[in-house]
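Here are my notes on the model you sent over, as numbered points. Have the coordinates open while you read.

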Amino acid sequence: MITAFAHANDGSGTYGMIDILIELIKYHDFRVIVSRNYIEVIFTEDHTGYKLSLLDLNGKLLQEKQISGYNCILNTHLASSGIYLLVLSDEIILNVRKVLIPEF
């Protein structure tokens with residue numbers, strides 16, 4: 001937290017202060033490996049308890065898994081080629097990535 005002070009330059013003696021809370025937003029980084037029948041997501045730290053969701057570009061949920069550990073595998077053998085969204089979340093959305101499933 002920082003405190004900012006301000007004083008008027010007009011000689012009126014007016015002043016004020018405000019406390020500003022600065023929060024560090026944690027960036028959840030991960031690698032994505034796309035294969036013929038699955039997408040593997042590898043995290044840099046343990047993400048047990050988080051959710052990983054695969055959505056189409058219209059927002060339709062295609063698959064969702066609870067993460068246990070440092071990776072998560074989503075089955076894509078029924079998905080057609082195209083661009084999809086991977087969404088990492090707990091109670092809020094923490095990270096969103098586009099992923100391309102090519103024609104194999």
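1. Start with β4 and β7: five bridges hold the two together, in the antiparallel sense. Keep in mind that this is a predicted model. To find the register, look for Val41, which faces Cys72 of β7, and for Glu40, which stands opposite Ile73 in that strand.

2. Which strands make up the open sheet that contains this pair? There are three, in the order β3-β4-β7, and the pairing is antiparallel. β3 (30-34) and β7 are the edge strands, each pairing on one side only. From one strand to the next the twist averages 15°.

3. β7 is worth a look for its two faces. Cys72 and Leu74 make up the covered face, while Asn71, Ile73 and Asn75 lie on the uncovered one. That fits the usual pattern, in which side chains of a regular strand alternate between the two faces of the sheet. Going back to the register, Val41 is thus paired with a residue of the covered face, Cys72, and Glu40 with one of the uncovered face, Ile73.

4. Now the other open sheet, which has four strands in the order β6-β5-β8-β9, again with antiparallel pairing. β6 (61-66) and β9 (93-101) stand at its edges with a single partner strand each, so one side of each has no neighbour in the sheet. Neighbouring strands here are turned against each other by 20° on average, ignoring direction.

5. Inside that sheet, β5 (residues 51-55) runs antiparallel to β8 (residues 82-89), and five bridges join them. Leu54 stands opposite Leu86 in β8, and Leu55 has Leu85 as its bridge partner there.

6. How many bridges link β8 to β9? Eight, with the strands antiparallel. The two form a hairpin that has three residues between its strands. One of the pairings to check is Ser89 of β8, which stands opposite Ile93 in β9.

7. Which residues have the most contacts inside the largest nonpolar core? They are Ile39, Val41, Leu52, Leu54, Ile67 and Leu86, in a core of 15 residues. At least two core residues come from each of β4 (38-43), β5, β7 (71-75), β8 and β9. Two strands of the three-strand sheet, β4 and β7, are on that list, and so are β5, β8 and β9 from the four-strand sheet. Leu54 and Leu86, the facing pair from point 5, are both among the best-connected core members.

8. Ile39 deserves a click of its own. Leaving out residues up to four places away in sequence, its contacts include Val32, Ile33 and Val34, as well as Cys72, Ile73 and Leu74. Leu54, Leu86, Val99 and Ile101 are also touched by Ile39, as is Thr76.

9. Two loop residues make a good contrast: which is buried and which is exposed? His47, in the loop between β4 and β5, has a relative accessible area of 1%, so it counts as buried, the cut-off being under 20%. Asn58, in the loop between β5 and β6, comes out at 77%, so it is exposed, that label starting over 50%.

10. A little more on these two. Not counting residues up to four places away in sequence, His47 touches His28, Ile67, Gly69 and Leu88; Ile67 is also one of the residues with the most contacts inside the core. For Asn58, try a distance to Phe43: the two are 15 residues apart along the chain, and their C-alpha atoms are separated by 26 Å.

11. Away from those sheets, look at strand β1 (residues 2-7) and β2, an antiparallel pair joined by six bridges. Phe5 stands opposite Met17 in β2. β2 (residues 15-20) is hardly covered, and the count of buried residues among its six is zero.

12. Last, the aromatics. A search of the whole structure turns up one aromatic pair. There is also a charge over a ring: the charged end of Arg97 sits over Phe30, 4.1 Å from the centre of the ring.

Conventions
Residues are numbered from 1 along each chain as its sequence is written. This is a predicted model: local features need pLDDT of at least 70, side-chain atom pairs count only at pLDDT 80 or more; totals for chains, interfaces and linings use all residues. Side-chain values use heavy atoms; hydrogens and water are left out. Rings of Phe, Tyr and Trp (its six-membered ring) pair if their centres lie within 6.5 Å; planes under 30 degrees apart count as stacked, over 60 as edge-to-face and the rest as tilted. A charge sits over a ring if NZ of Lys or CZ of Arg is within 6 Å of the ring centre and within 35 degrees of the ring normal. Buried means under 20% relative accessible area, exposed over 50%, partly exposed in between (1.4 Å probe, protein chains only). Two strands pair if DSSP finds at least two bridges between them. Axes are lines fitted to C-alpha atoms, for helices over the stretch in contact, and angles run from 0 to 180 degrees between N-to-C directions. A nonpolar core is a set of buried Ala, Val, Leu, Ile, Met, Phe, Trp, Tyr and Cys residues joined through side-chain atoms within 4.5 Å. Contact means heavy atoms within 4.5 Å.
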